[in-house]
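Reader: I have a protein model open in front of me and do not know where to begin. Could you take me through it, one feature at a time?

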2 protein chains.
Amino acid sequence: LLALTILGSNSAIPAFGRNPTAQLLQTEECSFLIDCGEGTQTQLARYKLRNSKLSYIFISHLHGDHYFGLIGLLTSMSLLNRTQELHVYGPEPLGKIIEIQLEAGEVSLNYPLHFHPLKQEGIICQTGKMEIQCFKMQHRIECWGFLFKEIKNPRSVDTAKAKTYEIPLAFYEQLKRGENYIHKDGRIIQNAEVTTAAPKARSYAYCADTLYDENIANKIKGADLIYHESTYLKEEQQKAFQRYHSTTIQAANIAKIAETKQLIIGHFSSKYEKLEAFLAEAKEVFENTTLAVEGSCYKI
Amino acid sequence: LLALTILGSNSAIPAFGRNPTAQLLQTEECSFLIDCGEGTQTQLARYKLRNSKLSYIFISHLHGDHYFGLIGLLTSMSLLNRTQELHVYGPEPLGKIIEIQLEAGEVSLNYPLHFHPLKQEGIICQTGKMEIQCFKMQHRIECWGFLFKEIKNPRSVDTAKAKTYEIPLAFYEQLKRGENYIHKDGRIIQNAEVTTAAPKARSYAYCADTLYDENIANKIKGADLIYHESTYLKEEQQKAFQRYHSTTIQAANIAKIAETKQLIIGHFSSKYEKLEAFLAEAKEVFENTTLAVEGSCYKI
């Protein structure tokens, strides 16, 4: 299981029934919440997404539409008797913002909360099966994107065949890593003869609020699924630039350069009620585009 | 016009479609928002209540279900180009909580925001037509109730009659204040002969999270409408006490002692889906009780 559910798709203010940004990435092991606009706890409940598997929260930047729902979610989980630890990653001032609000309410959370300030690009955490990297977006304030990659499993050994070739058990770990086996008499057993590759490691890239920047495409190259903000239609490219946001065409260009399989666009400006034009424009550049629709779930 | 709209009626966490606490008191002159749980900006929009007349916000205490929606509302009003000033009253740490979040987002509001920390019981502000007092609730942390009173208009002079009695124009201000007029020859003109009283000044008392405390009833005596929290049914009186909350019976007792005309109860615990028992129990003690139902509007 690797599935993404859109919880909020709007920018700046809630409008036309669209909530501010939040997404949930689910694996069998645990869930990852990406951004947490106001109302996210209600959205999680609406789509019957349980908080019990939620172990990591990533906040891209400290504009309210990306994090004003965090403190409510954190305190509600405590009221609902959560006990397992939770990790929150985000720009450094977020730690203080959480702390000052817990203090003011004299709230002590029921579970261990670990805040990790984001400092530089690279791997920020590893779970058993996933590795998460952060990378910089080009926004008006400090802003991060997140790349979620499955940790590639080792090759699996066909033990029957390996026995036939008289490969000792002690060498199986090397086989899993892809090495050939060489018999004392010099016979070489090709690794592919006795092992099969694990399924391709899947990945999801979340590109938060940003100017168009092709460097981002290179950082997420080959991701199976990409979300990229598209606050404006192409006709508003100038406004997008002034406000450190992207257009449909720009988001689709990033998807194309990154050679992804599928693009989701979202963070729609509140001035647009209808979104058909967003889809049509992005598809001109990158055919396999979809709109971030709240409640939609994308299997990766 | 003096009308109260319920925007949220639940305690602690959103549940059963009920939002955390918020209420809007509207007058012709301006509107007053009382508490501002998460999602209040969405609730204001849902009930088509315009923010343009909202000039005062009162936060009772710093538990999240009473103020986590404030920062979102403040920043959204700025994004929507509000320019008129706004006054926020609440416990002292709220000022810093707002400030640190504006700073983190590098947000400068489009309008003047004045924060007034609550320090002692008494009058905290006066508009042209209303006077607002705060008074202490008995909660686990610092918590305030608010009393909204119309400023009583002067008596109005029946100028035709006043002329008949040969009362000079210069004395009209004294007539409005209720004084009798004494002619030089000693004839006394009773004030009531030439003036009529202004309509009774109306009032609304908001009693936020609290233990049962009869002192509160005395502070709001005679208020036309009272809201009092009723987190639990009467069978949970012990739990209510431990958690610094009130029951149906206790809320109704306050209404009875305060000799109000109407009581609204709310802040229902998330453990109750159905609320009929709340109404039935409160009515045993105070007949004219209603439940805080979101979207309901009470004319005072």
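Author: Let us start with the secondary structure, where helices (H or I, at least four residues) and strands (E, at least two) are DSSP runs, numbered from the N terminus. In chain A these runs come to ten helices and 18 strands. This is a predicted model, in which local features need pLDDT of at least 70 and side-chain atom pairs count only at pLDDT 80 or more, while totals for chains, interfaces and linings use all residues. Residues are numbered from 1 along each chain as its sequence is written, chains are lettered from A and ligands numbered from 1 in the order in which they are written, and side-chain values use heavy atoms, with hydrogens and water left out.

Reader: What share of the 300 residues in chain A is buried?

Author: A residue is called buried under 20% relative accessible area, exposed over 50%, and partly exposed in between, with a 1.4 Å probe and protein chains only. In chain A, buried residues make up 57% of the 300. Thr5(A), which has its place in strand 1 (residues 2–8), counts as buried because its relative accessibility is 4%.

Reader: Which residues is Thr5(A) in contact with, leaving aside its neighbours within four places in sequence?

Author: Contact means heavy atoms within 4.5 Å. By that rule, and with those neighbours left aside, the partners of Thr5(A) include Gln23(A), Leu49(A) and Cys297(A). Thr5(A) and Cys297(A) are 292 residues apart in sequence, yet their C-alpha atoms are 4.3 Å apart in space.

Reader: How should I read a sheet, and what is the order of the seven strands in the open one of chain A?

Author: Two strands pair if DSSP finds at least two bridges between them. The open sheet of chain A has the order 7-8-9-14-15-16-17, with mixed pairing. At its edges are strand 7 (122–126) and strand 17 (289–291), each of which pairs on one side only. Within the sheet, strand 15 (residues 225–229) and strand 16 (residues 262–266) of chain A run parallel and are joined by five bridges, and Tyr227(A) has Ile264(A) in strand 16 as its bridge partner.

Reader: Which helix packs on this sheet, and which strands does that helix touch?

Author: For directions, axes are lines fitted to C-alpha atoms, for helices over the stretch in contact, and angles run from 0 to 180 degrees between N-to-C directions. Helix 10 (residues 276–285) of chain A packs on the sheet, touching strand 16 and strand 17, and its direction makes about 165° with that of strand 17.
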